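Got the model open in your viewer? Let's take a walk through it, from the overall layout down to individual side chains.

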Amino acid sequence: MTFRPRSITAIASAALGAAFLAGCVQPPLYEQQPGYSPAYPSAAPPPAYPAYGGQAYRPVPPAYAEYGRVANIELLQQEQRRAPSGAGAIIGGVLGAVVGNQVGGGFGRAAATGIGAVGGAVAGNALEGNQRGPTVQSYRISVQTDNGRMQVFDVPNPGDLRIGDRVRVEDGRIQRI
């Protein structure tokens, strides 16, 4: 089997186009958050306290509980989008190159193959990026505290809480009383 120089050029341009567009994949969702930097840790180390009796002394924050009533419970449904993996761009680029290779002859065929590879990779990446992920359900519970403040909690399951229930809020947790 012999390769013609034109077909090697077409295959090389298709592979180059697919590889170029495979690099257009979005970063994972946690890297898209504002303030994200992989070079710096997200939490500061705890402060060092002088040792006392062989153990480090750390002050304990005072326990503080608030009381109130559940004002509202609403269902939140969020559809998660999947980030493209690059497979759509590669498959689209290969298919575009195959279709483009069927057009014209000579230099026109090589150009059509390259354009088909790039166009197919763009289309494949877009199609893969539009796929829908699973739907995640959570609940938003609004609590009106006795001091008049409104607190909102997003929880995966409200448990046995109902609107109007008397609750205790401590350390970011809701407990029916």
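What pattern does the protein follow, read along the sequence? Going along the sequence, you get α-β-β-β-α-α-β-β-β-β, that is, three helices and seven strands. Keep in mind that this is a predicted model. Of the 177 residues in the protein, 25% are buried. The accessible surface comes to about 12700 Å², and carbon and sulfur atoms hold 59% of that. Among contacts with a separation of 6 or more, 67% are between residues 24 or more positions apart.

For one such long-range case, look at Gln-77 in strand E3 (residues 65-81). Gln-77 and Val-136 are 59 residues apart in sequence, yet their C-alpha atoms are 5.7 Å apart in space. Beyond its neighbours within four places in sequence, Gln-77 is in contact with Thr-135, Val-136 and Gln-137. Even with those contacts, Gln-77 counts as exposed, because its relative accessibility is 51% and the cut-off is over 50%.

Now for the inside. In soluble globular proteins, nonpolar side chains tend to be buried together. Here the largest nonpolar core has seven residues: Val-70, Ile-141, Val-143, Phe-153, Leu-161, Val-167 and Val-169. Strand E4 (132-145) and E6 are the elements that give two or more residues to this core. Ile-141 is a good place to centre your view: leaving aside neighbours within four places in sequence, its contacts include Val-70, Phe-153 and Leu-161, and also Pro-158 and Ile-174.

Which residues of E6 point to one face and are buried, and which point to the other? The side chains alternate along the strand, with Val-167 and Val-169 buried on one face, while Arg-166, Arg-168 and Glu-170 point to the other and are not buried. On that second face, Glu-170 and Arg-168 meet through their side chains in a salt bridge, 2.8 Å from N to O. Both are partly exposed, Glu-170 with a relative accessible area of 23% and Arg-168 with 26%.

E6 also has a partner. Strand E6 (residues 166-170) pairs with strand E7 (residues 173-176) in the antiparallel sense, over four bridges. Across the pair, Arg-168 stands opposite Gln-175, and Val-167 stands opposite Arg-176. The hairpin has two residues between the strands, and Asp-171 takes a positive phi near 55 degrees there.

Let's turn to charges. Side chains of opposite charge can pair when their charged atoms come close. The count comes to seven salt bridges. One of them joins Asp-154 to Arg-140, with the closest N and O atoms 2.8 Å apart. Asp-154 lies in strand E5 (residues 150-155) and Arg-140 in strand E4, so this pair ties together parts that are 14 residues apart in sequence. Another joins Asp-160 to Arg-176, where the closest N and O atoms are 3.4 Å apart. That pair links the loop between E5 and E6, home of Asp-160, with strand E7, home of Arg-176, across 16 residues. Asp-160, at 45% relative accessibility, counts as partly exposed, and so does Arg-176 at 44%.

Last stop, a nonpolar spot on the outside. Ile-90, Val-94 and Val-98 make a nonpolar surface patch of about 250 Å². Val-98 is found in helix H2 (residues 87-101) and, at 46% relative accessibility, counts as partly exposed.

Notes:
Residues are numbered from 1 along each chain as its sequence is written. This is a predicted model: local features need pLDDT of at least 70, side-chain atom pairs count only at pLDDT 80 or more; totals for chains, interfaces and linings use all residues. Side-chain values use heavy atoms; hydrogens and water are left out. Two strands pair if DSSP finds at least two bridges between them. A nonpolar core is a set of buried Ala, Val, Leu, Ile, Met, Phe, Trp, Tyr and Cys residues joined through side-chain atoms within 4.5 Å. Buried means under 20% relative accessible area, exposed over 50%, partly exposed in between (1.4 Å probe, protein chains only). Contact means heavy atoms within 4.5 Å. Patches are made of residues with over 30% relative accessible area and no salt bridge: like charges are joined within 9 Å, nonpolar side chains (Val, Leu, Ile, Met, Phe, Trp, Tyr) within 5 Å. Accessible areas come from the Shrake-Rupley method with a 1.4 Å probe; for residues, only the protein chains shown count as cover. A salt bridge is a side-chain nitrogen of Lys or Arg within 4 Å of a carboxyl oxygen of Asp or Glu.
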